[in-house]
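Welcome, and please have a look at the model below before reading on. A short tour of a few strands, a loop and a surface patch follows it.

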Amino acid sequence: MQLDGLTALSGGLTWSRRNFQQFDNDGRDGDLYRGDVAITRRLPERRLDLQAGAGYGVLRAGENRFSFRSPELLSLIHI
C-alpha cells in the first residue's frame, strides 16, 4: 500500500504444511504460520531505499519439542 510518493507499507501471511517423509511419525510434521509487515522509504537523492519490518512465525509440530515461535526484526538498504 502506497502511503505517499516515497513511502510504502507491505505485509504478508503464510501457511505451510510440513511433512518430513524421511522420518516416520517422529513428531516433526506440523503447520507453519507466519506473518510480517514492513515499511519502505525511498530516498531519491541518495538513490536507495530503506526498509524496516517485523514478523512472527509459529510451527505447531506433532511433538512439542519440534514446535517453535520465532519473532523477527529486519532492516534493509536497497541500492
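The notes below walk through this predicted model, from strand pairing to a loop residue and then to the surface.

## Strands and hairpins

Let's start with strand β2 (residues 30–43), which runs antiparallel to strand β3 (residues 48–61), with 14 bridges joining the two. Within this pairing, Ile-39 has Ala-52 of β3 opposite it. The hairpin of β2 and β3 has 4 residues between the strands, and Arg-47 takes a positive phi there, near 55°.

β3 also pairs with strand β4 (residues 68–78), again in the antiparallel sense, over 11 bridges. Here Val-58 faces Arg-69, a residue of β4, across the pairing. These two strands, β3 and β4, form a hairpin too, with 6 residues between them.

## Ser-67 in the loop

Ser-67 sits in the loop between β3 and β4. Its relative accessibility is 26%, so Ser-67 counts as partly exposed, the class between under 20% (buried) and over 50% (exposed).

Beyond its neighbours within four places in sequence, Ser-67 touches Leu-59, Arg-60 and Ala-61. With Ala-61 there is a polar link: the Ser-67 side chain reaches the backbone nitrogen of Ala-61 at 2.9 Å. Leu-50, by contrast, lies 33 Å from Ser-67, C-alpha to C-alpha, with 17 residues separating them in sequence.

## A nonpolar patch

On the surface, Met-1, Leu-3, Leu-9, Val-37 and Ile-39 make a nonpolar patch of about 450 Å². One of these residues, Val-37, belongs to strand β2. Val-37 is partly exposed, its relative accessible area being 42%; because patch residues must have over 30% relative accessible area, Val-37 meets that cut-off.

Definitions and conventions:
Residues numbered from 1 in each chain as written. Predicted model: local features only at pLDDT ≥ 70, side-chain atom pairs only at ≥ 80, totals over all residues. Heavy atoms only, no water. Patch = residues over 30% accessible without salt bridge, like charges linked within 9 Å, V, L, I, M, F, W, Y side chains within 5 Å. Areas by Shrake-Rupley, 256 points an atom, 1.4 Å probe, with all protein chains shown as cover. Salt bridge = Lys/Arg side-chain N within 4 Å of Asp/Glu carboxyl O. Buried < 20%, exposed > 50% of the residue type's maximum accessible area, 1.4 Å probe, protein only. Pairing = 2+ DSSP bridges. Contact = heavy atoms within 4.5 Å. Polar contact = N/O pair within 3.5 Å; in protein donor to acceptor, adjacent residues only side chain to side chain.
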